[in-house]
Amino acid sequence: MAEPEAAAVRGPAARPAAAGRADQSTRVSILFVGDVVGSVGRRTLLDCLPILRERYGPTFIVVNGENVAGGLGITPKAADELLGAGVDAITLGNHTYHRREIYPYLDAQPRIVRPANFLRSQPGHGVCVVERDGARLGVVNLSGNLYLRAGRSAFTEIEVALRELGEVEHVLVDVHAEATSEKVAMGWHLDGRVTAVLGTHTHVPTADARVLPHGTAYITDVGMTGARGGVIGVKREQAIEALLTQMPIRFETSEEDPWLMGVLIRCSQPLRADSIEQVLMPRPAATPRSPAAGQVP
Ligand SMILES: [Fe+2]
Ligand SMILES: [Fe+2]
């Protein structure tokens, strides 16, 4: 059986009472999974989830699904499959609108969020609240403004988004951004005001997971859930050919060496993280309901 690799980074052991009351509703753990790429990423997630549930018993599971449909975007069927597998909320990013059939779904399904700093006129919404075991988790999706198309500033719109959430025990912010500087800055900007600021989009996990001084769990990028044998999810020979020839190439999703990449956050006080640990896990070997890793049909 594949074993998740994890290294926990802990925050300050004790916090002042002013940080808030601790009761059952604030003792939660949150599993957040990075960009699920293609059907191989989806199957990897579905195969890993039972193991991670048993190992960590997460209260909430949040997944970035912006690449779930063939590597670009998400369809209602794929979103339903994730939610049906026990995912509490889905976040997105710059590929939100790649599949037109998702547009009405984004308006109708409260548990899927696209960046809150997109234009208000664009389909969907940027925040949601999910509830489990008496705890409410607010989920906010933001897009970076450097090198990505987002109609409004992430740094101003986060204030609107946090007000929109209302009373919640915990808040997870998925900052979907290219530039590390924007993500690091957002972590500091929100330290002590939200439970976690988690970066996505680059598909490569960073080594800076930590709890910031005022209690916010932070990582610049959690990585992706998909084929490590490719180049950020696409077949490596195609990516290399595109770089070598400087000509347009039709990319296909790689299926080689699939891994789940995410983080687990443990909390015992409202809007504070006790720890954040990376979860980097290869797709488990064959089970009765799935083919072996690397032998995807
Ligand atoms: Fe992205
Ligand atoms: Fe992505």
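# Exercises on a predicted model

Leaving aside neighbours within four places in sequence, Ala79 touches Ile74, Ile90, Tyr105 and Ile112. The structure is a predicted model, and the exercises below start from this residue.

## Exercise 1. The surroundings of Ala79

Task: State in which helix Ala79 is found, and decide whether Ala79 is buried or exposed.

Solution.

Step 1. Ala79 belongs to helix α2.

Step 2. The relative accessible area of Ala79 is 0%. A residue counts as buried when this value is under 20%, so Ala79 is buried.

Step 3. Gly65 lies 14 residues from Ala79 in sequence, and the two C-alpha atoms are 7.7 Å apart in space.

Step 4. Ile74, one of the contacts of Ala79, can be examined in turn. When residues up to four places away in sequence are not counted, Ile74 touches Gly65, Glu66, Val68, Ala69, Ala79, Ile90, Leu92, Arg99, Ile102 and Ile112.

## Exercise 2. The nonpolar cores

Task: Determine how many residues the largest nonpolar core has, and which element gives the most to this core.

Solution.

Step 1. The general background is that nonpolar side chains in soluble globular proteins tend to be buried together.

Step 2. The largest nonpolar core has 31 residues. Leu31, Leu45, Leu52, Val63, Ile74, Ile90 and Ile112 have the most contacts inside it.

Step 3. At least two residues of this core come from each of β2 (28-33), α1 (38-56), β3 (60-64), α2 (76-84), α3 (103-108), β13 (258-267) and β14 (275-282).

Step 4. Helix α1 gives the most to this core, namely 6 residues.

Step 5. There is also a second, separate core of 25 residues, which includes Ala135, Leu172, Ala217 and Val263.

## Exercise 3. The packing of α1 and α2

Task: Describe how the axes of α1 and α2 cross, and name the residues that make the contact.

Solution.

Step 1. Two quantities describe a pair of packed helices: the angle between the axes and the distance between them.

Step 2. The axes of α1 and α2 come within 11 Å and cross at roughly 10°. Because angles under 35 degrees count as roughly parallel, α1 is roughly parallel to α2.

Step 3. The crossing of the helices α1 and α2 is left-handed.

Step 4. On the side of α1, the contact is made by Arg42, Leu45 and Leu46; α2 contributes Ala78, Glu81 and Leu82.

## Exercise 4. The buried sides of α5 and α6

Task: Identify which residues of helix α5 are buried and which residues of α6 are buried, and explain how they are arranged around each axis.

Solution.

Step 1. In α5, which spans residues 180-190, the buried residues are Glu182, Lys183, Met186, Gly187 and Leu190. They lie on the same side of α5, because they cover an arc of only 140° around the axis.

Step 2. These buried residues of α5 pack against β7 (135-143), α4 (154-165), β8 (170-176), β9 (196-200) and β11 (217-219).

Step 3. In α6, Gln238, Ala239 and Ala242 are buried. Their arc around the axis is only 100°, so they too lie on the same side of the helix, here α6.

Step 4. The residues that follow each helix may now be examined. Just after α5, Gly192 has a positive phi of about 90°. Helix α6 is followed by Gln246, with a positive phi near 60°.

## Exercise 5. Positive phi in the loop after α6

Task: State where Gln246 lies and where Asp257 lies, and classify the accessibility of each.

Solution.

Step 1. Most residues other than glycine have a negative phi.

Step 2. Gln246 is not a glycine, yet its phi is positive, about 60°. Asp257, likewise a residue other than glycine, has a positive phi near 60°.

Step 3. Gln246 lies in the loop between α6 (236-245) and β13. Asp257 is also located in the loop between α6 and β13.

Step 4. The relative accessible area of Gln246 is 61%, so Gln246 is exposed. Asp257 has a relative accessibility of 33% and therefore counts as partly exposed.

## Exercise 6. A strand residue and the whole chain

Task: Decide whether Val211 is buried or exposed, and give the percentage of buried residues in the protein chain.

Solution.

Step 1. Val211 lies in strand β10, residues 210-211. Its relative accessible area is 11%, so Val211 is buried.

Step 2. Val211 and Ile276 are 65 residues apart in sequence, while their C-alpha atoms are 6.7 Å apart in space.

Step 3. The protein chain has 6 helices and 14 strands. Of its 297 residues, 57% are buried.

Step 4. Among contacts between residues at least 6 apart in sequence, 68% join residues at least 24 apart.

How values were computed
Residues numbered from 1 in each chain as written. Chains lettered and ligands numbered in written order. Predicted model: local features only at pLDDT ≥ 70, side-chain atom pairs only at ≥ 80, totals over all residues. Heavy atoms only, no water. Buried < 20%, exposed > 50% of the residue type's maximum accessible area, 1.4 Å probe, protein only. Helix = DSSP H or I, 4+ residues; strand = E, 2+ residues; numbered from the N terminus. Arc of directions from axis to C-beta. Contact = heavy atoms within 4.5 Å. Core = buried A, V, L, I, M, F, W, Y, C linked by side-chain atoms within 4.5 Å. Axes fitted to C-alpha atoms, helices over the stretch in contact; angles between N-to-C directions. Parallel < 35°, antiparallel > 145°, perpendicular 65-115°, else oblique. Left-handed = near helix turned anticlockwise from the far one by under 90°.
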